[in-house]
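Hi,

Here is the structure I promised to pass on. Have a look at it first, and then read my notes below.

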Amino acid sequence: MNRELVRLYPDARCELDFTTPLELLVATILSAQCTDKRVNAVTPELFRRYRTAADYAGAEREELESLIRSTGFFRSKANSIIGLGQALCERHGGEVPSNLDDLVRLPGVGRKTANVVLGNAFDVPGITVDTHFGRLARRFGWTEATDPVKVEDEVAGLFPAKDWTMLSHRMIWHGRRICHARRPACGVCALAHWCPAYGAGPTGEDEARTLVRNGPFS
DNA sequence: ATCCCGAGGG
DNA sequence: CCCTCTGGAT
């Protein structure tokens, strides 16, 4: 199955623009409920003004908010980013830590964000279970769990660690483009012939029930 | 109107 | 577990 996804999306990758772990961390925080394209529209100016963790720690709130405003949730994101800068300076000498435990303790950094940074800035294999990954993993029959950590653990047992990061990208691409939450485009899905959720009865999951109710096409 | 690659807080 | 934070695309 991974083979099918590789064939489908050979060049899947992180679509956020960044050059350093700190930039990726900030971009990923900004990407919540926001397209990567919009994040990439604000980060050039943002990264020009704020280059180090100390820069974020000492940021003037109003200015930071205005720079990131169009990514949505700008007040809470600005809060997170300032707190992030402070925490990085206080606990990690201004550097971005490269392990999950330290990353997750940072303000505004949940497990999903932490895994994105590990996989894309540090080449540490990580399964990024966001809303897409979880939904597709359940439709594919890889897990029945809804808890992202359980999904992560169960899927980790199915694939070698070297594949985790790219698998995450491909799952997320497919989820965004084809295997939507509400009306999955099964009619144009190259995986439909293989997919347990295609044309199958209820699987006990909301999205699958919606699929069955609406029919696999359109 | 409704949805979207989350995280924190009550 | 549910709520909130927010803007932009469709």
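Let me start with one cysteine. C186 sits in the loop that runs between α11 and α12 (206–214). Is C186 buried or exposed? C186 has a relative accessible area of 12%, and because the cut-off for buried is under 20%, C186 counts as buried. Do keep in mind that this is a predicted model, so please read everything here as computed from that prediction.

C195 is in the loop between α11 and α12 as well. Its relative accessible area is 13%, so C195 is buried too. P196, also found in the loop between α11 and α12, is partly exposed because its relative accessibility is 41%. In space, P196 comes to 6.6 Å from R139, C-alpha to C-alpha, although 57 residues of sequence lie between the two positions.

Back to the cysteines. The UniProt entry, which is unreviewed, puts a "binding site" feature at C179, C186, C189 and C195. Those positions are spread over 17 residues of sequence, yet they cluster in space, with a largest C-alpha distance of 10.8 Å. C179, C186, C189 and C195 also belong to the lining of the largest cavity.

About that cavity: searching the whole structure for cavities of 30 Å³ or more turns up 1. The space inside the largest cavity is about 90 Å³. Its lining is made of 13 residues, and C179, P184, C186, C189 and C195 are the ones nearest the centre. By class, the lining of the largest cavity has 12 nonpolar residues, 1 charged and no polar.

Now the DNA. Which residues come closest to DNA strand B? Strand B is surrounded by 19 residues, and the closest are Q33, T113, H132, R176 and R182. If you count the atoms of DNA strand B within 4 Å of the protein, 59% are sugar or phosphate and the rest belong to bases.

A few individual contacts to strand B that you may want to pull up on screen:

- H132 has a polar side-chain atom 2.3 Å from a phosphate oxygen of DNA strand B.
- G108 places a backbone N or O atom 2.7 Å from a phosphate oxygen of DNA strand B.
- G110 has a polar backbone atom 3.1 Å from a phosphate oxygen of DNA strand B.

Looking at where this surface comes from, α8 (111–121), α9 (131–139) and α11 (164–177) are the elements that each give two or more residues to the surface near DNA strand B. The mix there is 7 nonpolar, 6 polar and 6 charged residues.

On to DNA strand C. The residues around DNA strand C are Q33, R38, R69, S70, G72, F73, F74, R75 and S76. Of the atoms of DNA strand C that come within 4 Å of the protein, sugar and phosphate make up 55%. Two arginines reach its phosphates through their side chains: R69 has a polar side-chain atom 3.0 Å from a phosphate oxygen of DNA strand C, and for R75 the distance to a phosphate oxygen of DNA strand C is 3.0 Å. F73 uses its backbone instead, with an N or O atom 3.2 Å from a sugar or linking oxygen of DNA strand C.

Which helix gives the largest share of the surface near DNA strand C? That is α6 (residues 74–92), with 3 residues. By class, the surface near DNA strand C breaks down into 2 nonpolar, 4 polar and 3 charged residues.

Last item, the largest pocket. The largest pocket holds about 720 Å³ of space, and 33 residues line it, with S31, C34, D36, K112 and D130 nearest the centre. The elements giving two or more residues to its lining are α2 (21–30), α6, α8, α9 and α11. Of these, α11 gives the most, with 6 residues. The lining of the largest pocket divides into 9 nonpolar, 17 polar and 7 charged residues.

That is everything from my side.

Cheers

Methods:
Residues are numbered from 1 along each chain as its sequence is written. Chains are lettered from A and ligands numbered from 1 in the order in which they are written. This is a predicted model: local features need pLDDT of at least 70, side-chain atom pairs count only at pLDDT 80 or more; totals for chains, interfaces and linings use all residues. Side-chain values use heavy atoms; hydrogens and water are left out. A residue is near a molecule or strand if one of its heavy atoms lies within 4 Å of it. A polar contact is a pair of N or O atoms within 3.5 Å; within protein, one must be able to donate a hydrogen and the other to accept it, and residues adjacent in sequence count only if both atoms are side-chain atoms. Helices (H or I, at least four residues) and strands (E, at least two) are DSSP runs, numbered from the N terminus. Ala, Val, Leu, Ile, Met, Phe, Trp, Tyr, Cys and Pro count as nonpolar, Asp, Glu, Lys and Arg as charged, and the others, Gly among them, as polar. On a 1 Å grid over the protein atoms alone, a cavity is a set of points where a 1.4 Å probe fits but cannot get out, and a pocket is an open set with protein on both sides within 12 Å along at least five of seven lines; lining residues have an atom within 4 Å of a point. Grid points are joined across faces, edges and corners, and a volume is the space filled by probe spheres set on the points. UniProt positions are given in the numbering used here, feature names are shortened, and annotations may be inferred rather than shown by experiment. Buried means under 20% relative accessible area, exposed over 50%, partly exposed in between (1.4 Å probe, protein chains only).
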